Amino acid sequence: MGMSTTTLTQSSFSEEIATSEKPVLVDFWAEWCGPCKALAPILDEVAGENTDKITVAKVNVDENPDLARQFDIMSIPTLIVFKDGQPVHRFQGASGKAGLLQNLSDYL
């Protein structure tokens, strides 16, 4: 995990999402997921470049299965943007930085 991303757990998730004044991009991932590992440095970079606009957080689905179920995570990586505590945009797969920025364009 990079310095620019936050790790969320079952116990911290609701409060972090609900109290954030910025949109929160949550990456649902797992240690064994190759595309997740490829996406991690891109997420760190985007997080570092946009700290004033968006918060980037990660949820390990193996360690937090209830959160994965709550948000119907069927494949990983799945990324969900939360705004005002609610999921507002969802996309899957490891795209490059340009694809990630395009998916986030409404929130940056």
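This report walks through the sheet, the cores, the disulfide and the salt bridges of a predicted model.

**The sheet**

Let's start with the backbone layout. The model has an open sheet of 5 strands, ordered β1-β3-β2-β4-β5, and the pairing in it is mixed. At the edges stand β1 (5-7) and β5, each with a single partner strand, so one side of each has no neighbour in the sheet. On average, neighbouring strands are turned by 25° against each other, direction ignored.

Helix α1 (residues 10-19) packs on this sheet, where it touches β1, β2, β3 (55-60) and β4. The direction of α1 makes about 155° with that of β2.

Now for the pairings around β4. Strand β2 (residues 24-29) runs antiparallel to β4, and 5 bridges join the two. On the other flank, β4 (residues 78-83) pairs with β5 (residues 86-92), again in the antiparallel sense, over 6 bridges. That second pair is a hairpin with 2 residues between the strands. Asp-84 sits in the turn and has a positive phi of about 55°.

Thr-78 is a handy residue for tracing this part of the sheet. Thr-78 in β4 is the bridge partner of Phe-28, and Thr-78 also stands opposite Gln-92 in β5. As background, strands of a sheet pair through backbone hydrogen bonds, either parallel or antiparallel.

**The cores**

Which residues have the most contacts inside the largest nonpolar core? They are Phe-13, Val-26, Phe-28, Phe-71, Ile-73 and Phe-82, in a core of 20 residues. Several elements chip in: α1, β2, β3, α3 (65-70) and β4 each supply at least two residues. Strand β2 gives the most, with 4 residues.

Phe-28 is worth a click in the viewer. Leaving out residues up to four places away in sequence, Phe-28 touches Phe-13, Val-59, Val-61, Leu-67, Phe-71, Ile-73, Ile-76, Pro-77, Thr-78 and Ile-80. Apart from this core lies another, of 13 residues, including Leu-25, Val-46, Ala-47 and Leu-100.

In a regular strand, side chains alternate between the two faces of the sheet.

**The disulfide**

A search of the whole structure turns up 1 disulfide. The bond joins Cys-33 to Cys-36, with an S to S distance of 2.3 Å. The link of Cys-33 and Cys-36 is right-handed, with 80° about the S-S bond. Are these two cysteines buried or exposed? Cys-33 has 3% relative accessibility and so counts as buried; Cys-36, at 2%, counts as buried too.

**The salt bridges**

The count comes to 5 salt bridges. Here are three of the pairs, with the N to O distance for each.

| Basic residue | Acidic residue | N to O distance |
|---|---|---|
| Lys-58 | Asp-27 | 2.8 Å |
| Lys-37 | Glu-31 | 4.0 Å |
| Arg-69 | Asp-66 | 2.4 Å |

Take Lys-58 and Asp-27. Both residues are buried. Lys-58 lies in strand β3 and Asp-27 in strand β2, so their salt bridge ties together parts that are 31 residues apart in sequence. Asp-27 has 0% relative accessibility, and because buried means under 20%, Asp-27 falls in that class. Besides Lys-58, the residues that Asp-27 touches include Leu-39, Leu-43, Ala-57, Val-59, Pro-77, Thr-78 and Leu-79, not counting residues up to four places away in sequence. Thr-78 turns up here as well as in the contacts of Phe-28.

The pair of Lys-37 and Glu-31 has another setting. Lys-37 counts as partly exposed, at 47% relative accessibility. For Glu-31 the value is 47% too, and it counts as partly exposed.

The Asp-66 and Arg-69 pair is a local one within a helix: both residues lie in α3, 3 residues apart, or about one turn of the helix. Asp-66 is partly exposed at 40% relative accessibility, whereas Arg-69 is exposed, with a relative accessible area of 55%.

Finally, Glu-45, Glu-49 and Lys-97 are linked in a network of salt bridges.

Conventions
Residues are numbered from 1 along each chain as its sequence is written. This is a predicted model: local features need pLDDT of at least 70, side-chain atom pairs count only at pLDDT 80 or more; totals for chains, interfaces and linings use all residues. Side-chain values use heavy atoms; hydrogens and water are left out. Two strands pair if DSSP finds at least two bridges between them. Axes are lines fitted to C-alpha atoms, for helices over the stretch in contact, and angles run from 0 to 180 degrees between N-to-C directions. Contact means heavy atoms within 4.5 Å. A nonpolar core is a set of buried Ala, Val, Leu, Ile, Met, Phe, Trp, Tyr and Cys residues joined through side-chain atoms within 4.5 Å. Buried means under 20% relative accessible area, exposed over 50%, partly exposed in between (1.4 Å probe, protein chains only). A disulfide is a pair of cysteine sulfur atoms within 2.5 Å. A salt bridge is a side-chain nitrogen of Lys or Arg within 4 Å of a carboxyl oxygen of Asp or Glu.
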